Amino acid sequence: MQIEVGSFVVYNGEEYQVVWIYGNGNVEIVQDGQHRKIELVQKGDLTHIR
């Protein structure tokens, strides 16, 4: 699964957009239109959708 900045992913049943990927496997994701609420999660916890 190829996740890159700008990809849309599913995390805990909700759709998010990837805004940053760290070298250690952590990924910052935000829900559409909520750039102030950033979630930091592990890449393995995400499902790539587009």
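Which residues does Val10 touch, once you leave out those up to four places away in sequence? In this predicted model, the answer is Asp45, Leu46, Thr47 and Ile49. Take Ile49 from that list: Val10 and Ile49 are 39 residues apart along the chain, yet their C-alpha atoms are separated by just 7.0 Å.

Now find Val10 itself. You'll see it in strand S1, which covers residues 8–11. Is Val10 buried, exposed or something in between? With a relative accessible area of 23%, Val10 counts as partly exposed, because buried would mean under 20%.

Next, look at Val9. Leaving out residues up to four places away in sequence, Val9 touches Ile3, Glu14, Glu15, Tyr16, Val18, Ile29, Leu46, Thr47, His48 and Ile49. Val9 also belongs to the largest nonpolar core, a set of nine residues. Its other members are Ile3, Tyr11, Tyr16, Val18, Val27, Ile29, Val41 and Leu46. Three elements each give two or more residues to this core: S1, strand S2 (14–21) and strand S3 (26–30). In soluble globular proteins, nonpolar side chains tend to be buried together.

Not every nonpolar residue here sits in that core, though, so let's head to the surface, where Trp20, Tyr22 and Leu40 form a nonpolar patch. Together, these three have about 340 Å² of accessible area. Where should you look for Tyr22? Check the loop between S2 and S3. Tyr22 is partly exposed, with a relative accessible area of 34%, so it clears the cut-off of over 30% for joining a patch.

Methods. Residues are numbered from 1 along each chain as its sequence is written. This is a predicted model: local features need pLDDT of at least 70, side-chain atom pairs count only at pLDDT 80 or more; totals for chains, interfaces and linings use all residues. Side-chain values use heavy atoms; hydrogens and water are left out. Helices (H or I, at least four residues) and strands (E, at least two) are DSSP runs, numbered from the N terminus. Buried means under 20% relative accessible area, exposed over 50%, partly exposed in between (1.4 Å probe, protein chains only). Contact means heavy atoms within 4.5 Å. A nonpolar core is a set of buried Ala, Val, Leu, Ile, Met, Phe, Trp, Tyr and Cys residues joined through side-chain atoms within 4.5 Å. Patches are made of residues with over 30% relative accessible area and no salt bridge: like charges are joined within 9 Å, nonpolar side chains (Val, Leu, Ile, Met, Phe, Trp, Tyr) within 5 Å. Accessible areas come from the Shrake-Rupley method with a 1.4 Å probe; for residues, only the protein chains shown count as cover. A salt bridge is a side-chain nitrogen of Lys or Arg within 4 Å of a carboxyl oxygen of Asp or Glu.
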